[in-house]
Every structure is written in C-alpha cells, then in structure tokens.
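Please read the following notes with the model open beside you. They go point by point through the features that a newcomer may wish to look at.

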Amino acid sequence: MTFFQFFTQGTWSMTLGLVLENNHMASNIKTAFFLLGVATIVSPLAVGYISDKITSPKVILAVLYLLNGLNFILLYISFNYGNINIVMGIVFLTGILFYPT
C-alpha cells in the first residue's frame with residue numbers, strides 16, 4: 001500500500017502544475033503547492049490521532065484511499081466549471097486525505 005501511495009502521490013504532484021496551466025489557472029500554481037504543504041503538516045496530526053483512537057492505521061489508510069479516489073473524480077469535474085476556489089479546496093482536501101504518512 002505504501003508503494004501505491006507514493007507512486008500515485010508522486011505522479012499526481014508532478015503533473016499538478018501542468019494541469020493547472022492547461023486549464024488557464026497558471027496564476028494559482030503557487031497557491032496549490034502551498035495548500036499541499038499546509039495539508040502535509042496538518043494531515044499526520046489529524047489522521048494519526050484518529051487512527052490511534054478509533055481503529056488500526058491499515059483501515060484508516062484504506063478508507064482514505066477510497067475517499068481520495070472520489071476526490072480525484074470531483075477534481076476532474078471541477079476543472080470543467082473553472083472555479084478556482086473549488087479546485088483549491090479539492091487540492092487541499094486531497095492533501096489531507098493523501099499525505100498522512
């Protein structure tokens with residue numbers, strides 16, 4: 001599971017700037033990576049607390065993978081609307097869901 005997470009995280013992070021640029025949101029590339037940085041700090045705290053108190057980390061990571069798959073679908077749909085606030089919110093949520101390690 002860890003290989004899958006890092007493989008997907010790496011491929012998604014490397015192409016995020018290109019996707020934003022191709023969808024006429026190039027001025028917000030810095031904001032997207034800033035939000036991912038903040039999510040990288042917040043996510044281990046929140047998800048770690050939940051996984052320690054509620055259930056095992058394997059179950060939490062499996063649920064997070066499923067939720068993040070739905071999140072990627074929402075991200076694809078939000079690019080069609082062109083609303084940068086929705087896109088940045090989904091990028092931040094992706095960071096929360098996908099960067100807990």
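**Notes on the predicted model**

1. A convenient place to begin is Thr94, which, leaving aside its neighbours within four places in sequence, is in contact with Trp12, Asn68, Asn71, Phe72 and Tyr99. The model is a predicted one, and in it Thr94 is found in helix H4. Buried means under 20% relative accessible area, so Thr94, at 0% relative accessibility, counts as buried.

2. The helix that holds Thr94 deserves a closer look. H4 has 15 residues and reaches 20 Å from its first C-alpha to its last, which is close to the 21 Å expected at 1.5 Å a residue. Its buried residues are Val87, Met88, Ile90, Val91, Thr94, Gly95, Ile96, Leu97 and Phe98, and what covers them includes H1, H2 and H3. At the N-terminal end of H4, Asn83 acts as a cap, with a side-chain oxygen that lies 3.1 Å from the backbone nitrogen of Asn85.

3. Which residues touch the most other members of the largest nonpolar core? In this core of 16 residues they are Trp12, Leu16, Leu20, Leu75, Val87 and Val91. The elements that give two or more residues to the core are H1, H2, H3 and H4, and the largest share, five residues, comes from H4. Leu75, for its part, touches Trp12, Val87, Ile90 and Val91, not counting residues up to four places away in sequence. Apart from this core lies another, of five residues, among them Val47, Leu61, Leu64 and Leu97. As general background, nonpolar side chains tend to be buried together in soluble globular proteins.

4. The aromatic residues can be taken next, and here the count comes to two aromatic pairs. For Phe72 and Phe98, the ring centres are 6.4 Å apart and the planes stand at 65 degrees, so the pair is edge-to-face, given that planes over 60 degrees apart count as such. Phe72 lies in helix H3 and Phe98 in helix H4, so this pair ties together parts that are 26 residues apart in sequence. Is each ring residue buried or partly exposed? Phe72 is partly exposed, with a relative accessible area of 23%, whereas Phe98 is buried, with a value of 4%. Together with Tyr65, Phe72 and Phe98 form one aromatic cluster.

5. Helix H2, which covers residues 29–53, has 25 residues and reaches 36 Å from its first C-alpha to its last, close to the 36 Å expected at 1.5 Å a residue. A reader following this helix should also note a kink of about 35 degrees at Val42, shortly before the proline Pro44. The buried residues of H2 are Ala32, Leu35, Leu36, Ala39, Ser43, Val47 and Ser51, and they pack against helix H1 (2–22), helix H3 (57–81) and helix H4 (84–98). An α-helix has 3.6 residues a turn, so residues three or four places apart point the same way.

6. Within H2, Leu35 may serve as a last example. With 19% relative accessibility, Leu35 counts as buried, because the cut-off for that class is under 20%. Not counting residues up to four places away in sequence, Leu35 touches Met88 and Phe92. Leu35 and Leu45, on the other hand, are 10 residues apart in sequence and 16 Å apart in space, C-alpha to C-alpha.

Key: Residues numbered from 1 in each chain as written. Predicted model: local features only at pLDDT ≥ 70, side-chain atom pairs only at ≥ 80, totals over all residues. Heavy atoms only, no water. Helix = DSSP H or I, 4+ residues; strand = E, 2+ residues; numbered from the N terminus. Expected span 1.5 Å × (residues − 1). Bend = angle between axes of the 7 residues up to and from the residue. Buried < 20%, exposed > 50% of the residue type's maximum accessible area, 1.4 Å probe, protein only. Contact = heavy atoms within 4.5 Å. Core = buried A, V, L, I, M, F, W, Y, C linked by side-chain atoms within 4.5 Å. Phe/Tyr/Trp six-rings, centres within 6.5 Å; stacked < 30°, edge-to-face > 60°. Polar contact = N/O pair within 3.5 Å; in protein donor to acceptor, adjacent residues only side chain to side chain.
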